[in-house]
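Subject: Structure handover

Hello,

Here is the structure I said I would pass on. Please open it alongside this email, since the notes below refer to it throughout.

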Amino acid sequence: MDQDMVNMFAIAAGTLAIPLLLFMASFMLWPSSLIKVYYWYWRRTLGLQVRYADCGGYRFCYSYRGKPGLRPSVLMLHDFSAHKDTWLPMVKYLPKHLHLLCVDMPGHEGTTRTNTDDYSVQGQVKRIRQFVEAIRLNRKPFHLVGTSMGGTVAGVYAACHPSDLCGLTLICPVGLKNQIGSKFDSQMHEVEHSQYTLNIPLIPSTPEEMEEMLKLCSHVRFRVPQQILQGLVDVRIPHNDFYHEVFMEIMSENSKYVLHEHIQQITTPLQVIWGKQDQVVDVSGAAVVAEALPGCRVDLLENCGHSVVMERPRQTAKLILDFIISQQSTESASTKKKS
């Protein structure tokens, strides 16, 4: 083999090695940056675009895909201490023509955070209505989806603004007087008795606490490398004081059972999805909703915990889409009868 050929292979090997070495360095030294790049790449792959909505000095960050069409638009509200990309595993299984919007909840990720804002459930409902009006989403009734804390906000939103919605999906919502306590409830009793000297299980500050939180939230056991756990913690730590503030707000006397207090005011067609093995909010909450609103649809998922969107993304996407289609069919049949 002549020298030119050897040099060519050496250059090719070097060219391939550099990005690999950069990737390994990022993985070992800056795992949090790698996680952000991962979400950015996944959004692009799924065709989601990030936009901002400004109103009255407040800025909302959201991602969207598709345009309003025959199906209603779908707005998704994420969980406590999460962000709009929480929905990516499920978005993957929804039709690309469906108009989807995933907004960062007040104070979370790219949405404005202020020291004077009200992060109670009622305060968040006001902000989400502000977002809806800013982008004129309620020109036509839309479908609202919320999980956990986002589910509570979605439920209270439906009770307060029924004319905005044509459908509502609540996934493992908090804010109900459940018949049975959960593992998380027991842990919180210990935290409260310690006068909050123990860390709140949903606000990890070490890789070990992050791993315990993932075990608490998921029935499905995901093997997460230590470096990724460290990256997840690194992303969260700068925001932990804020998460603590929000947690105390939504667990206060005014917000703790706010969904329970508003449940009978919900007139929007309702779907409830719950993981049977939920250790954060016990699945008995589904029966509480069904008793209050007998006409609602309840879907209980086997071998699934609190992180329904992560554990059962395909099934959850199908359930929501089936519900939207069934509601449209019912509405169309009702319109024909009247005419």
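What follows goes through strands, aromatic rings and salt bridges in turn.

Please keep in mind that this is a predicted model.

Strands

A good place to start is strand β3, which covers residues 74–77. V74 and M76 point one way from this strand, L75 and L77 point the other way, and all are buried. Strand β3 has parallel pairings with two strands that come later in the numbering: β4 (residues 100–103), over four bridges, and β5 (residues 142–147), also over four bridges. To find these pairings on screen, look for L75, whose bridge partner in β4 is L101, and for V74, whose bridge partner in β5 is H143.

Aromatic rings

The count of aromatic pairs is 12. One of them joins Y38 and Y39 in a tilted arrangement, with 5.7 Å between the centres and 55° between the planes. Y38 is partly exposed at 46% relative accessibility, and Y39 is partly exposed at 21%. Y62 and Y64 make another tilted pair, at 6.4 Å centre to centre and 45° between the planes. Here Y62 is buried, because its relative accessibility is 11% and the cut-off for buried is under 20%.

F80, Y119, F184, F242, Y243 and F247 come together as one aromatic cluster. F242 also has a charge over its ring: the charged end of R113 sits there, 3.9 Å from the ring centre. In a similar way, the charged end of K177 sits over the ring of Y257, at 5.6 Å from its centre.

Salt bridges

There are 10 salt bridges. In one, D85 and R43 have their closest N and O atoms 2.7 Å apart. This pair links distant parts of the chain, 42 residues apart, with D85 in the loop between β3 and α3 and R43 in helix α2. D85 is buried at 5% relative accessibility, and R43 is buried at 14%.

E133 and R129 form a salt bridge with a closest N to O distance of 3.5 Å. They are four residues apart in helix α4, so about one helical turn separates them. E133 is partly exposed, at 45%. R129 and E133 also belong to a network of salt bridges that takes in D164.

Lastly, E302 and K276 meet in a salt bridge at 2.6 Å, N to O. They lie 26 residues apart, E302 in the loop between β8 and α12 and K276 in the loop between β7 and α11. E302 is partly exposed at 47%, as is K276 at 36%.

Regards

Methods
Residues numbered from 1 in each chain as written. Predicted model: local features only at pLDDT ≥ 70, side-chain atom pairs only at ≥ 80, totals over all residues. Heavy atoms only, no water. Buried < 20%, exposed > 50% of the residue type's maximum accessible area, 1.4 Å probe, protein only. Pairing = 2+ DSSP bridges. Phe/Tyr/Trp six-rings, centres within 6.5 Å; stacked < 30°, edge-to-face > 60°. Lys NZ or Arg CZ within 6 Å of the ring centre and 35° of its normal. Salt bridge = Lys/Arg side-chain N within 4 Å of Asp/Glu carboxyl O.
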